[in-house]
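Student: Could you take me through one part of this structure slowly? I would like a close look at the ligand and what is around it, and then a glimpse of the rest.

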Amino acid sequence: MRVLLAQPRGFCAGVVRAIEIVERSIRKFGAPVYVRHEIVHNRHVVETLRGQGAVFVEELSEVPDGAVTIFSAHGVARSVEDEAAARGLPVLDATCPLVAKVHQQGRRYAARGRTLVLIGHAGHAEVEGTIGQVEAPIHLVASVEDVARLDLPESTPLAYLTQTTLSVDDTRGIIAALHARFPDLEGPEVSGICYATQHRQAAVRELCAQVDLLLVVGSRNSSNSTRLREIGEEMGRPSYLIGHGGELDPAWMAGVRTVGLTAGASAPEELVLDVIAALRRLGAGEIAQMPGIREDVEFRLPAELREPTSDPAVQAAQ
Ligand code: SF4
């Protein structure tokens, strides 16, 4: 049995930044620091940070007065920011800059009087944050059928936004359905689906052309990891989303000659290595990696967490 790894896979720049914000906050301010919602949707990451002194809460009412508070990479609604400000909580915002960009787009469209449609999944933290960041009603759609059900006149000046971790192909179909129904439609030139999501989906498509089975390392509540597994299924490969090597079922490997392996944007490489070790125990020999895009995206940390440095090049970058 051979293992073929997707490239790119795993951590994106937004996840690296968010984790770094928690770790540096603990070092700088001391434990505990309070994180509203899972900093990223990965259980291993959350447990590791909890071990270092992060306390994860769902509501600000659970944060004691004066405690350092971190907003997760998914972003928060304005009401949450306002509540933190009213209580004078010291806040570090780990919202991914690409999510914040979607918020800004939404506010711009609303200011120009456009009715907003958000393509995304109900209940996801990012979607709740985006809806709560724009002071105008937002219609949420997750499918072409939802577009048909929108109770809006066809002459409505409309603008769409997208969740950052959607299926590129499904989103293209939903945007086409919006265009077909609403002639006065605006949206970002490329959808708000982020670079990391697009790269990982393209890589997994290439991978699936060469493998008998797909394993995606990631947590079940991770949107982008779930989309990767769905792509494997669409391409006719048995596809499983697993948190670590211990979740591997040997029965899946019957008759499999090449296993494809990738990881969602919130899954650390150490979990990929854990799955490789489990595959080796099941008889995997050669481990190869597909050629693919090397990402070099980095996002700046909040000013209060940047290390003081005397290097002028680093200072310029900060
Ligand atoms: S998946 Fe994209 S939007 Fe989400 S944290 Fe990563 S870079 Fe940011």
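Tutor: Happy to; we will begin at the ligand, step back to the whole chain, and finish at one glycine. Keep in mind that this is a predicted model.

The ligand sits in the largest cavity. Which residues surround it there? They are Cys12, Gly14, Cys96, Leu98, Thr164, Cys194 and Tyr195. Sorted by character, this shell has 5 nonpolar residues and 2 polar ones, with no charged residue. Gly14 goes with the polar group, because Gly is counted as polar here.

Now step back to the chain that holds this site. Its secondary structure comes to 11 helices and 13 strands. The radius of gyration is 21 Å, close to the 20 Å that the globule rule gives for 318 residues, so the chain is as compact as a globular protein of that length. Its C-alpha trace spans about 55 × 55 × 40 Å along the principal axes. Of the 318 residues, 52% count as buried. Among contacts with a separation of 6 or more, 74% join residues 24 or more positions apart.

Finally, look at Gly53, which lies in the loop between α2 (43-52) and β3 (54-57). Is Gly53 buried or exposed? It is buried, because its relative accessible area is 17%, and buried means under 20%. Beyond its neighbours within four places in sequence, Gly53 is in contact with Ile26, Ala31, Pro32 and Val33. Take Val33 from that list: it is 20 residues from Gly53 along the chain, and the two C-alpha atoms are separated by 6.7 Å.

Note on methods. Residues are numbered from 1 along each chain as its sequence is written. This is a predicted model: local features need pLDDT of at least 70, side-chain atom pairs count only at pLDDT 80 or more; totals for chains, interfaces and linings use all residues. Side-chain values use heavy atoms; hydrogens and water are left out. A residue is near a molecule or strand if one of its heavy atoms lies within 4 Å of it. On a 1 Å grid over the protein atoms alone, a cavity is a set of points where a 1.4 Å probe fits but cannot get out, and a pocket is an open set with protein on both sides within 12 Å along at least five of seven lines; lining residues have an atom within 4 Å of a point. A molecule sits in a cavity or pocket if more than half of its atoms lie within 2 Å of its grid points. Helices (H or I, at least four residues) and strands (E, at least two) are DSSP runs, numbered from the N terminus. The radius of gyration is taken over C-alpha atoms; the globule rule is 2.2 Å times the number of residues to the power 0.38. Buried means under 20% relative accessible area, exposed over 50%, partly exposed in between (1.4 Å probe, protein chains only). Contact means heavy atoms within 4.5 Å.
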